[in-house]
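Biologist: I should be grateful for a close look at a single part of this structure, namely its sheet. Please set that part in the context of the chain around it.

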Amino acid sequence: MKLVRIISAALLLAACQSTQPVQEKPVQAVATVNVPLSAEEKVFALTDSGLDLLGRSDVNRFIDNEVRRGHYSRAQLENFFRQVHYRPSIIRGMDKPGTSLPWYTFVQNNASNIRISAGNVFWRNNTEVIQAVAKHYGVAPQLLVAIVGIETNYGATMGSYRVADALTTLGYHYPRRAEYFQRELAEFLQLAYEEKQDPFSFKGSFAGAMGMPQFMPSSFRQYAVDWDGDGHRDIWRNSGDTLASVANYMKQHGWQSGAPIAVPVAMQPTPKLQQIIDEPTALKYTAGQLRQLGVVIPAQIGNQEKGVLYRLEKSPGKYDYWFGLNNFYTIWQYNHSRHYVAAVRQIANNLAAANANL
């Protein structure tokens, strides 16, 4: 089969020829920098790739499973594992102690005036496709631009690790989440086959997230869209494909056209209300239930509407309280952080006000 020959050639020859990344023609303002192998990583590349990986039983089980799926031969997959590099800097990045920044710091880092100004430029440069995608999917245009803005600053910081290296490093050298990243590696190999691309040409973050919207391979395969019909779902350099992919993700996760994301509420914190705030994010409580507990929710929100009660620390020790609705939860599924959703909302609101006449 011609397609198998294409993939075979890519996998078997990649070691002896240079390959071009998927984002051959960067989108506006892209400033992606390649991350060279450090001296330490060059040593690991020689000692912890190739035969060492092929001697592992979990790698061979993975190869067996992929061969059964029918797109790659054992020889092609063994050659793939001979060419991947273990990147210890990825493990260090994953193991950095997580710090939960307060909202007043997070918002400055992620929804600054600079981020919003860059979004206005991106909107002006892509007005026609933004409006077309938004209309087609019924998703607010300002949301689509805001997601691309907070994820990669409109394509400026998409990541420069080889996705093959990132997913293999995490799948076989990061036990805490090895199963997840091995699944993503399998999805990635299928993605490369479907896109007819050399697997080693894909670049992304240290966790394997790709393109302007930072899709993991499983999300790419399920939600990425070929908006312009050129046969590729190009979320690295094609604004139409990128925006349509984000819109499709939002639509498939329950976005409600014209509905609010969140509304401010007034309340006196009680142990019960604080317990609700601290619970895992879910559409669990109705507005009516929270009103019975003393939460003052705007009248336009019906008693049966479910949402998430949360707070944002506007200055040290001082909080604003919010009720996040269905669209809040939809965005949260894209990135499991309430601060993330609040920042997206803030960017989107500013962009909508500045581009109302476009």
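The reply below begins with the chain, turns to the sheet and then moves to other parts.

Modeller: The model under discussion is predicted. Its protein chain contains 18 helices and six strands. Of the 358 residues in the chain, 53% are buried. Among contacts in the chain with a separation of 6 or more, 72% are between residues 24 or more positions apart.

The sheet is open and has four strands, arranged in the order β3-β6-β5-β4 with antiparallel pairing. Its edges are formed by β3, residues 262–265, and β4, residues 285–286, each of which pairs on one side only. Helix α15, spanning residues 271–278, packs on this sheet and touches β4, β5 and β6. The direction of α15 makes an angle of about 95 degrees with that of β5.

Along the edge at β4, two bridges connect this strand to β5, residues 306–315, and the two run antiparallel. Within that pairing, Tyr 285 is placed opposite Gly 307 of β5. On the other pairing of β5, seven bridges join the strand to β6, again in an antiparallel arrangement. Strand β6 covers residues 318–324. Ser 315 has Lys 318 in β6 as its bridge partner. The strands β5 and β6 form a hairpin with two residues between them, and Gly 317 in the turn has a positive phi of about 80 degrees.

The backbone angle of that turn invites a look at other positive phi values in the model. Most residues other than glycine have a negative phi. Two residues that depart from this pattern are Asn 153, with a positive phi of about 50 degrees, and Lys 196, where phi is near 55 degrees. Asn 153 belongs to the loop between α10 (141–152) and β1 (161–162). Lys 196 is located in the loop between α12 (178–195) and β2 (203–204). Asn 153 is classed as partly exposed because its relative accessible area is 28%, a value that falls between the 20% and 50% limits. Lys 196, at 46% relative accessibility, is likewise partly exposed.

A contrast in exposure is offered by helix α11, residues 163–173, which is mostly covered, with 11 of its 11 residues buried. Its buried residues include the nonpolar Val 163, Leu 167 and Leu 170. They also include Asp 165, which counts as charged, and Thr 168 and Thr 169, which count as polar.

There remains the open space in the model. The largest pocket holds about 1800 Å³. It is lined by 47 residues, and those closest to its centre are Phe 106, Asn 335, His 336, Ser 337 and Tyr 340. Sorted by class, the lining comprises 23 nonpolar, 16 polar and eight charged residues.

Definitions and conventions
Residues numbered from 1 in each chain as written. Predicted model: local features only at pLDDT ≥ 70, side-chain atom pairs only at ≥ 80, totals over all residues. Heavy atoms only, no water. Pairing = 2+ DSSP bridges. Contact = heavy atoms within 4.5 Å. Axes fitted to C-alpha atoms, helices over the stretch in contact; angles between N-to-C directions. 1 Å grid on protein atoms, 1.4 Å probe; cavity = no way out; pocket = protein on both sides within 12 Å on 5 of 7 lines; lining within 4 Å. Points joined across faces, edges and corners; volume = space filled by probe spheres on them. Buried < 20%, exposed > 50% of the residue type's maximum accessible area, 1.4 Å probe, protein only.
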